[in-house]
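Biologist: Please take a close look at one pocket of this model and describe what surrounds it. After that, go on to the charged pairs.

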Amino acid sequence: MAKRRSELETGWTFLTNHAHVLLCIAREPDLRMRDLSEQVGITERAVQRIVAELEEGGYLKRTRDGRRNHYQVRGELPLRHPVEAHRRVSALIAMVYGGDAFAPPSRTAEKATSTRRRSRSAA
């Protein structure tokens, strides 16, 4: 997410780094920590801490695929702050990326991705 001029001038945004990391992962579940840090504009170490906190809170589920991680966002969970706790994570993702931007992966999509990975590694 590129920083806009107003953010650079004021130094604050409406969403936290936790939200930014979660949103990036929702859009691209196989992102590396390095790529996340570049997109969010924070250090790789900060991304690791945020991802660990999101996992501990149950908002992310991590699965290993060889040397890579795949993350699944738990969109059915409520947002954490009392002001927005009446809304779900999926509502935040839909607000930022659009109504159909967040959908839990289907079994067919998972199998296709797994097949592609296996065929790449065999080549």
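Modeller: **The second largest pocket and its surroundings**

In this predicted model, the second largest pocket holds about 430 Å³ of space. Its lining is made up of 16 residues, and T16, H18, A19, L79 and E84 are the closest of these to the centre of the pocket. Sorted by class, the lining consists of nine nonpolar, four polar and three charged residues.

Three helices, α2 (17-27), α4 and α5 (89-97), each provide at least two residues of this lining. The most comes from α2, which gives three residues.

Helix α2 merits a further look. Eight of its eleven residues are buried, so α2 is largely enclosed by the rest of the structure. The buried residues are A19, H20, V21, L22, L23, C24, I25 and A26. A19 therefore counts among the buried residues of α2, at under 20% relative accessible area, and A19 is also one of the residues closest to the centre of the pocket. The partners against which the buried residues of α2 pack are the helices α3 (33-40), α4 and α5, together with the strands β1 (60-65) and β2 (68-73). Both α4 and α5 thus appear in two roles: they pack against the buried residues of α2, and they supply residues to the lining of the second largest pocket.

Now the charged pairs. Side chains of opposite charge can pair when their charged atoms come close. The structure has four salt bridges, and three are described here.

One of them lies within α4, where E53 is paired with R49 at 3.4 Å between the closest N and O atoms. Helix α4 covers residues 44-56, and E53 and R49 are four residues apart in it, about one turn of the helix. E53 is partly exposed, with a relative accessible area of 34%. R49 is partly exposed as well, at 45%.

Another salt bridge joins E55 to R62, with the closest N and O atoms 3.3 Å apart. E55 has a relative accessible area of 26%, while the value for R62 is 40%; E55 is partly exposed, and so is R62. By residue number, E55 falls within α4 (residues 44-56) and R62 within β1 (60-65), two of the elements that pack against the buried residues of α2.

A further salt bridge is formed by the side chains of D35 and R32, with an N to O distance of 3.0 Å. R32 is partly exposed, its relative accessible area being 36%.

Methods
Residues are numbered from 1 along each chain as its sequence is written. This is a predicted model: local features need pLDDT of at least 70, side-chain atom pairs count only at pLDDT 80 or more; totals for chains, interfaces and linings use all residues. Side-chain values use heavy atoms; hydrogens and water are left out. Buried means under 20% relative accessible area, exposed over 50%, partly exposed in between (1.4 Å probe, protein chains only). On a 1 Å grid over the protein atoms alone, a cavity is a set of points where a 1.4 Å probe fits but cannot get out, and a pocket is an open set with protein on both sides within 12 Å along at least five of seven lines; lining residues have an atom within 4 Å of a point. Grid points are joined across faces, edges and corners, and a volume is the space filled by probe spheres set on the points. Ala, Val, Leu, Ile, Met, Phe, Trp, Tyr, Cys and Pro count as nonpolar, Asp, Glu, Lys and Arg as charged, and the others, Gly among them, as polar. Contact means heavy atoms within 4.5 Å.
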